[in-house]
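Let's take a walk through this one together, starting from a single residue and working outwards. Have the model open and turn it as we go.

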Amino acid sequence: MSGAVSARRLATADDLLAIPERERFHEVIGGELVRKAMPSGPHGRAQLRIGSRISGPYDRRPGGRWPGGWWFATEVEVELETHEVYRPDVTGWLRERLPELPREVPIRVRPDWVCEVLSPSNSRNDLFKKLRTYQRCKVPHYWIVDPEMETLMVYRWTTEGYLLVLAAEREDRVRPEPFDAIVLKVGTLFDDDEDDEDEEERQR
């Protein structure tokens, strides 16, 4: 019997796409097929709130009352490298780089912004493994939202790696890059409702 150990076969997008679509809630992380955690109520609410707060002013053509200039999508498969195919909670691309949102699966255009909402069972992936890949692939902006801690962390890519440019808690009102034309009350990503003061600040 040979003592040689066979090299582990690394998964790719083909392995991901071989899973029936109705059952495909997976990612390829470090060459391994990993099933995403089923979202809790707070996770799903945070994901929805992030999309609604950002997409209104930005998911449109540039010009007019709001900045525009972005495409956004939730839970779409994005191939960053051959063995790194993720399904970010919310993803954004600048329209100046991407005239229209690709129909291909997975999308093979590097995002300009990614937001991951932490789940207790897979937080290490978002905080470490996926962060390193986003950094290596030069994704300009990476947000990490933690529904349990009720926090928002914003990273900006630099030539030396990711720089933490914002660490915000529930009670904070912030202008988080790259969407700093709006004021975001961090608590509205969780249980807080948006009040008249929030709306006034968003419109300034």
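Leu189 sits in the loop that runs between β12 (184-185) and α4 (196-202). Keep in mind as you look that this is a predicted model. Is Leu189 buried or exposed, loop residue that it is? With a relative accessibility of 1%, Leu189 counts as buried. To see what surrounds Leu189, leave aside residues up to four places away in sequence: the residues it touches are then Arg45, Ala46, Arg49, Ile50, Val145 and Leu184. Trp70 makes a handy reference point elsewhere in the chain: Leu189 and Trp70 are 119 residues apart along the chain, and their C-alpha atoms are separated by 20 Å.

Now jump to the other end of the numbering, to Asp14, which is part of helix α1 (residues 13-17). Here the relative accessibility is 58%, and that is over the 50% cut-off, so Asp14 counts as exposed. If you measure from Asp14 to Lys36, you step 22 residues along the sequence and 18 Å through space, C-alpha to C-alpha.

Next, the cysteines. How many disulfides does the structure hold? The count is zero. A disulfide is a covalent bond between the sulfur atoms of two cysteines. For Cys115, the closest cysteine sulfur is the one in Cys137, and at 18 Å that is too far for a bond; the cut-off for a pair is 2.5 Å. Looking from Cys137 gives the matching answer, with the sulfur of Cys115 closest, 18 Å away. Both cysteines are tucked in: Cys115 is buried at a relative accessible area of 0%, and Cys137 is buried too, at 17%.

Zoom out, and the chain shows four helices and 12 strands. Why call the overall radius of gyration, 18 Å, a fit for a compact globule? Because a compact globule of 204 residues would come out near 17 Å, and the chain's 18 Å agrees with that. The box around the C-alpha atoms, taken along the principal axes, is roughly 75 × 40 × 35 Å.

As for how the chain packs, 49% of its 204 residues count as buried. Among contacts with a separation of 6 or more, 50% come from residues 24 or more positions apart. The accessible surface is about 11000 Å², with 48% of that belonging to carbon and sulfur atoms. Finally, the charges: there are 31 positive and 39 negative ones, and their mean positions lie 4 Å apart.

Notes
Residues numbered from 1 in each chain as written. Predicted model: local features only at pLDDT ≥ 70, side-chain atom pairs only at ≥ 80, totals over all residues. Heavy atoms only, no water. Buried < 20%, exposed > 50% of the residue type's maximum accessible area, 1.4 Å probe, protein only. Helix = DSSP H or I, 4+ residues; strand = E, 2+ residues; numbered from the N terminus. Rg over C-alpha atoms; globule rule 2.2 N^0.38 Å. Contact = heavy atoms within 4.5 Å. Areas by Shrake-Rupley, 256 points an atom, 1.4 Å probe, with all protein chains shown as cover. Lys, Arg positive; Asp, Glu negative; His and termini not counted. Charge placed at Lys NZ, Arg CZ, Asp CG, Glu CD.
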